[in-house]
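Grab a pencil and work through these exercises with the model open beside you. Each one sets a task and then walks through a solution.

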Amino acid sequence: MSNFTPKVVIGAGQCGTRLAAKFALDGDKLITFNTDSRDVGGEQLENDHIIVEGGAGQNYSRGLKIWSQHKNELENHLKDVEDEYVTYFISGGGGSGSSSVITILNILLQNRNKVLLVVALPFVKESIPATSNATRLMSRVAEFSNNMSVVLMSNDDISKQVGSHSFDKINDEIIRRTRLITDIINLHDDSYFTPFAVDEGDHASVAFSGGFINVSFDNLYEEVDGEYRAKSPKFSYGNIKEASNVLVVKNIQTNRNHPEAMREGDELVEVAMKVGNAAKGARTLYGTIRTDKNVTDYTTFVSGIGIDKVFNKLKAKATDSAIQYTEKVKTKTKKKLERSEDRTLDI
């Protein structure tokens, strides 16, 4: 198998901390940050840092102030994280996690790290503050996106695919998808003949190339009307026509013999031509891995895509929720005044 390359894994806030702890493998450097000791209840973490007690209370602005005021402390905790590949987990809807991004990203990027930010987006049915926090976060992250990669993990989309609203199952799927983005080449068994083996540099140049990224697990070579044809992948957000970089990875199981592996390699070339044509001016790379692991036939990465549909949906929900909240507050205040007037008149 390919050599395991240790990574730096960072989590901030309750959700981010739990995702990071699940994701980190033995040998990885795990660092977590929280604003309340209750956020790490039940987790055995050797390198967790409680910045303050009391938390941000899902208040994005309060969280921004907390992280900014403790920037020097954060810089000290992250001073040894330089020129590394960093996977950084947060919840887009939380107060502490979402608000940590501005301060922590500035430190990580200043230290010349290559960062993949994994954002767990709240259910759209959640009202403020979750959707409001996610909307503000995505707007700010877009400012950094040329210098690091961002992948959005939608609770709505994942819950449909796993058939459950259980956060344990959703989090497990977030980890699985993230690991395929960061570690797919580590699944390769180089003791087998491999046509067009995936190059580590090519993989990193897409997974950590910058901008918003997405991954498709569609089978790109399927039978249609008795003929096998290549097709383009579909993504949960973003359009392949917007992509600046594309990587198509074909999994060839280790039980395939030499002629079978060659045929699957030829199939990949046909698929890559189809995908490259759909991606227009994007740089399109492709390669294979040989593994006996349970991996989909094709894994397609795109970077530099747009997130307008996701952003606008969350923004609309957050705005509607805020308006409804304001109207409720006004209604309660009005009723209170009316009751007060009634009591005065009774006197």
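## Exercise 1: Strand 6 and its neighbours

Strand 6 (residues 149-154) is largely enclosed by the rest of the structure, because six of its six residues are buried. Buried here means under 20% relative accessible area, exposed means over 50%, and partly exposed is in between (1.4 Å probe, protein chains only). Strands (E, at least two residues) and helices (H or I, at least four) are DSSP runs, numbered from the N terminus.

Before going on, a word on the ground rules: this is a predicted model, where local features need pLDDT of at least 70 and side-chain atom pairs count only at pLDDT 80 or more, while totals for chains, interfaces and linings use all residues. Residues are numbered from 1 along each chain as its sequence is written, and side-chain values use heavy atoms, with hydrogens and water left out.

Task: work out which residues cover each face of strand 6, and which strands pair with it.

Step 1. Sort the side chains by face. Ser149, Val151 and Met153 are on one side, Val150, Leu152 and Ser154 are on the other, and all of them are buried.

Step 2. Look for partners; two strands pair if DSSP finds at least two bridges between them. Strand 5 runs parallel to strand 6 and is joined to it by six bridges. In that pairing, valine 119 is opposite leucine 152 of strand 6.

Step 3. Now try strand 7 (residues 211-216). It pairs with strand 6 over three bridges, also in the parallel sense. Here serine 149 stands opposite glycine 211 of strand 7.

## Exercise 2: Salt bridges

Task: find how many salt bridges the whole structure has, then follow a few of them.

Step 1. Fix the rule: a side-chain nitrogen of Lys or Arg has to be within 4 Å of a carboxyl oxygen of Asp or Glu. The search turns up 14 salt bridges.

Step 2. Take aspartate 28 and lysine 7, whose closest N and O atoms are 3.4 Å apart. Aspartate 28 is in the loop between helix 1 (13-23) and strand 2 (29-34), and lysine 7 is in the segment before strand 1 (8-12), so the pair ties together parts that are 21 residues apart in sequence. Aspartate 28 counts as buried at 13% relative accessibility, and lysine 7 counts as buried at 7%.

Step 3. Widen the view. Lys7 and Asp28 belong to a salt-bridge network together with Arg179 and Asp183.

Step 4. Move to helix 7, where glutamate 173 and arginine 176 lie three residues apart, about one turn of the helix. Their side chains form a salt bridge at 2.9 Å, N to O. Glutamate 173 is buried at 13% relative accessible area, whereas arginine 176 is partly exposed at 37%.

Step 5. Finish with glutamate 222 and lysine 231, which meet in a salt bridge at 3.2 Å, N to O. Glutamate 222 is partly exposed, at 32%, and lysine 231 is partly exposed too, at 30%.

## Exercise 3: Rings and charges

Task: count the aromatic pairs, pick one apart, and then find charges that sit over rings.

Step 1. Rings of Phe, Tyr and Trp (its six-membered ring) pair if their centres lie within 6.5 Å; planes under 30 degrees apart count as stacked, over 60 as edge-to-face and the rest as tilted. By this rule there are five aromatic pairs.

Step 2. One of them is phenylalanine 123 with phenylalanine 167: edge-to-face, 5.9 Å centre to centre, with 65° between the planes. The partners are 44 residues apart, with phenylalanine 123 in the loop between strand 5 (114-121) and helix 5 (130-144) and phenylalanine 167 in helix 7 (residues 167-183). Phenylalanine 123 is buried at 10%, while phenylalanine 167 is partly exposed at 45%.

Step 3. For charges, NZ of Lys or CZ of Arg must be within 6 Å of the ring centre and within 35 degrees of the ring normal. Arginine 176 lies over the face of phenylalanine 217, 5.1 Å from the ring centre. Arginine 179 has its charged end over the ring of phenylalanine 23, 4.6 Å from the centre.

## Exercise 4: A contact by leucine 220

Task: say where leucine 220 lies, and whether it is buried or exposed.

Step 1. Leucine 220 lies in the loop between strand 7 and strand 8 (221-224).

Step 2. Its relative accessibility is 0%, which counts as buried.

Step 3. The C-alpha atoms of leucine 220 and alanine 230 are separated by 5.5 Å, with the two residues ten apart along the chain.
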